[in-house]
Amino acid sequence: MKPSKNDDYIKTFYANRKSKNIAVLLIIISLVTLFFFITILRMDITG
C-alpha cells in the first residue's frame, strides 16, 4: 500500500503539534520557576 498525501499531512501535523506542546511546556516551567524565585527573594529572612 502506497502512502498517500493525507498520511504525510497527518505525520507533519502531529510533529508540529508535538514541538508546539514542548515549547508551551518549557514556557510554563520557566514561569513557575521564575515565580518561585521571586517568592523566595521577597521573603523576609530576618523575621
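These questions and answers walk through a predicted model of one chain.

Visitor: How many helices and strands does the chain have?
Guide: Start with the helix, α1, which covers residues 5-42. Strands come to zero. The tally for the chain is one helix and zero strands.

Visitor: What share of the 47 residues is buried?
Guide: A residue is buried under 20% relative accessible area. The chain exposes about 4900 Å². Carbon and sulfur atoms supply 70% of that area. Of the 47 residues, the buried share is 0%.

Visitor: How are the rings of Y9 and F13 arranged, stacked or edge-to-face?
Guide: A pair of aromatic rings is described by the distance of the centres and the angle of the planes. For Y9 and F13, the centres lie 6.4 Å apart and the planes differ by 25°. Planes under 30 degrees apart count as stacked. So the 25° between Y9 and F13 makes the pair stacked.

Visitor: How far apart are Y9 and F13 along helix α1?
Guide: Both residues sit in helix α1. They are four residues apart there, so their separation is about one helical turn.

Visitor: Which is Y9, buried or exposed?
Guide: The relative accessible area of Y9 is 52%. Exposed means over 50%. Its ring partner F13 has 38% and is partly exposed. Y9, at 52%, is therefore exposed.

Visitor: What kind of aromatic pair do F36 and F37 form?
Guide: Their ring centres are 5.6 Å apart, with 65° between the planes. Angles over 60 degrees count as edge-to-face. F37 itself is exposed, with a relative accessible area of 52%. The F36 and F37 pair is edge-to-face.

Visitor: Which residues do ring pairs link into a cluster?
Guide: The chain has three aromatic pairs. The stacked pair of Y9 and F13 is one of the links to consider. The cluster consists of Y9, F13 and Y14.

Visitor: Which residues make the nonpolar surface patch?
Guide: The patch spans about 460 Å². One of its members, L31, lies in helix α1. L31 has a relative accessible area of 41%, so it is partly exposed. The patch is made by I27, L31, L34, F35 and I38.

Visitor: How far is the backbone oxygen of I27 from a polar atom of the S30 side chain?
Guide: S30 lies in helix α1. Its relative accessibility is 39%, so S30 is partly exposed. The distance from the I27 backbone oxygen to the S30 side-chain polar atom is 2.7 Å.

Key
Residues numbered from 1 in each chain as written. Predicted model: local features only at pLDDT ≥ 70, side-chain atom pairs only at ≥ 80, totals over all residues. Heavy atoms only, no water. Phe/Tyr/Trp six-rings, centres within 6.5 Å; stacked < 30°, edge-to-face > 60°. Helix = DSSP H or I, 4+ residues; strand = E, 2+ residues; numbered from the N terminus. Buried < 20%, exposed > 50% of the residue type's maximum accessible area, 1.4 Å probe, protein only. Patch = residues over 30% accessible without salt bridge, like charges linked within 9 Å, V, L, I, M, F, W, Y side chains within 5 Å. Areas by Shrake-Rupley, 256 points an atom, 1.4 Å probe, with all protein chains shown as cover. Salt bridge = Lys/Arg side-chain N within 4 Å of Asp/Glu carboxyl O. Polar contact = N/O pair within 3.5 Å; in protein donor to acceptor, adjacent residues only side chain to side chain.
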